[in-house]
Amino acid sequence: MSEGSTSGRSAELEELARDLVCIPTENPPGNEGPAAEFVYDWFREEGIDATLLEEPDPDRPQVGARVGEGGPTVVLNGHLDVVPAGDPETWTVDPYGGTIEDGRLYGRGSADMKTGVALAMLVARDLAPEIRTGELSGSVVVHAAMGEETADPGTRTLLERGFDGDYGIVLEPTDFRVATSTKGLSVYRIAVEGVATHASQPDAGTNAIDEARPLLDAIDEYDADLREREGSLCGGAFATVTEIEAGTESNLAVIPDRAELVLDRRVLPGEDPDAVDAEIEALLERVREERGVETTWTRIQTYASSSIPVDHPLATGLRDRSVAAVGADGGVDEPWGIEAATDARNFVNDAAVPAVTWGPGDLDQAHTVDESIDLDDAGIAREILEDAVRAFIE
């Protein structure tokens with residue numbers, strides 16, 4: 001490849017990733033629409049068949065695109081939504097300005113994962129001529145999905161609507177490490193009951209905040225037990241209280257009659273969410289029997305874990321190419337699982353399609369102030385990804 005063409009490819013990737021970052025798609029509330037329309041229009045302009053899918057939510061469209069028909073098919077998956085940027089005053093750059101400094105693209109979604117979406121778009125476009133002439137016998141599918149950050153069924157719906165294949169690559173920032181497993185999570189809202197009374201007569205009622213103390217202690221014990229269990233490539237399981245609320249909707253002089261907390265339980269590959277539910281139920285029953293604390297609970301969010309063999313050809317193919325391109329530092333050459341939940345679970349669990357999570361960028365940049373990605377790494381990832389996909393659809 002000539003220096004001029006290399007420079008042109010770098011500029012093309014930089015511009016596309018920057019354009020995507022400049023379109024705010026915060027979730028919540030979930031405003032993926034403008035970005036979905038941008039991706040859809042881009043594919044149409046490039047002569048690639050694409051669908052602006054209004055499922056599962058007509059107010060939050062997503063995009064499925066396909067190059068080729070039949071043969072081995074690789075699905076390149078990215079999500080359009082990003083977590084809220086928060087107070088822009090805490091950023092040193094405009095979170096949606098697409099700032100590029102010292103070879104890094106800054107902005108919300110630059111690492112997680114607008115650059116990954118751009119990579120998928122460009123690789124599909126670049127392989128299209130070889131697919132159309134029959135030089136490559138397979139196909140490429142691209143997902144620009146909605147709702148990943150809040151467990152909405154965007155990717156699952158795309159797979160169900162025919163944007164599926166034989167292999168899936170979820171383009172999250174992993175710093176070129178290939179994740180064959182992903183950790184899941186089950187999130188619970190637990191309510192603790194009390195009896196309201198005037199704060200001048202606290203003994204006349206039951207303070208729900210006090211009632212929550214034994215529950216918090218029990219959760220700490222549960223978390224300690226989880227940490228003693230055998231872990232996985234994704235690390236260990238945890239139980240963490242991430243939110244607690246009581247007395248906020250009443251007068252300041254009222255003893256609260258209800259406290260609610262949110263419990264985040266990280267789920268390992270091989271763990272059954274129903275079995276985790278049973279553990280939470282047993283924990284709450286023990287607190288009731290031992291301390292008389294009455295609770296109710298509901299599971300409010302679920303991300304299933306997922307796993308494929310570490311020596312699956314999809315994993316070894318990407319791993320070997322990554323090592324050849326960037327070396328083995330940072331564990332690029334080693335089997336690995338990602339601690340975060342990704343849409344790989346929808347491929348593996350819902351569609352029975354083997355999938356890995358892989359991409360440029362550092363996962364530590366995700367959801368942070370001044371989020372950024374190294375554009376040189378993104379360019380390297382483009383070459384690795386194109387070469388890997390080509391090998392699978394020959």
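1. Helices α3 and α9. In this predicted model, α3 packs against helix α9 (residues 375-392) at an angle of about 45 degrees. Their axes are 10 Å apart. The two helices are therefore oblique to each other. Their crossing is right-handed. On the α3 side, the contact residues are T115, L119, L122, V123, R125, D126, L127 and E130. On the α9 side, they are A378, A381, R382, L385, E386, V389 and R390. By class, this contact has eight nonpolar residues, one polar and six charged.

2. Helices α2 and α3. Helix α3 (residues 110-133) also packs with helix α2 (residues 33-45). Here the angle is about 15 degrees, and the axes lie 11 Å apart. Angles under 35 degrees count as roughly parallel, so α2 and α3 are roughly parallel to each other. The crossing is right-handed. From α2, the residues in contact are V39, W42 and F43. From α3, they are M121, L122 and R125. Five of these residues are nonpolar, one is charged and none is polar. Note that L122 and R125 of α3 meet α2, and L122 and R125 also appear in the contact with α9.

3. Helices α7 and α9. Helix α7 (residues 313-326) packs with α9 at an angle of about 145 degrees. The axes are 10 Å apart. This crossing, too, is right-handed. P313, L314, L318, R321, S322, A325 and V326 come from α7. They meet I380, I384, D387, A388, A391 and F392 of α9. The contact divides into ten nonpolar residues, one polar and two charged.

4. The largest pocket. About 670 Å³ of space lies in the largest pocket. Its lining holds 28 residues. Closest to the centre are E149, R266, A340, A341 and H367. Three elements give two or more residues to the lining: β9 (184-193), β13 (258-267) and β14 (295-303). The lining is mixed by class, with 14 nonpolar residues, six polar and eight charged.

5. Cis peptide bonds. Most peptide bonds are trans. Two to inspect here are cis. The bond from N27 to P28 is cis, with omega near 0 degrees. P28 is in the loop between α1 (3-21) and α2. The bond from E55 to P56 is also cis, with omega near 5 degrees. P56 is found in the loop between β1 (49-53) and β2 (62-67).

6. A positive phi. Most residues other than glycine have a negative phi. D102 has a positive phi, near 50 degrees. Where is D102? D102 sits in the loop between β4 (100-101) and β5 (104-106).

7. The surroundings of Q365. Q365 lies in the loop between β17 (355-357) and β18 (372-374). Leaving aside residues up to four places away in sequence, Q365 touches R104, A111, D370, E371 and S372. One of these, R104, falls within β5 (104-106). Another, A111, falls within α3 (residues 110-133). S372 belongs to β18 (372-374). Q365 and A315 are 50 residues apart in sequence. Their C-alpha atoms are 24 Å apart in space.

Key: Residues are numbered from 1 along each chain as its sequence is written. This is a predicted model: local features need pLDDT of at least 70, side-chain atom pairs count only at pLDDT 80 or more; totals for chains, interfaces and linings use all residues. Side-chain values use heavy atoms; hydrogens and water are left out. On a 1 Å grid over the protein atoms alone, a cavity is a set of points where a 1.4 Å probe fits but cannot get out, and a pocket is an open set with protein on both sides within 12 Å along at least five of seven lines; lining residues have an atom within 4 Å of a point. Grid points are joined across faces, edges and corners, and a volume is the space filled by probe spheres set on the points. Helices (H or I, at least four residues) and strands (E, at least two) are DSSP runs, numbered from the N terminus. Ala, Val, Leu, Ile, Met, Phe, Trp, Tyr, Cys and Pro count as nonpolar, Asp, Glu, Lys and Arg as charged, and the others, Gly among them, as polar. Axes are lines fitted to C-alpha atoms, for helices over the stretch in contact, and angles run from 0 to 180 degrees between N-to-C directions. Angles under 35 degrees count as roughly parallel, over 145 as roughly antiparallel, 65 to 115 as roughly perpendicular and the rest as oblique. A crossing is left-handed if the near helix is turned anticlockwise from the far one by less than a right angle, and right-handed if clockwise. Contact means heavy atoms within 4.5 Å.
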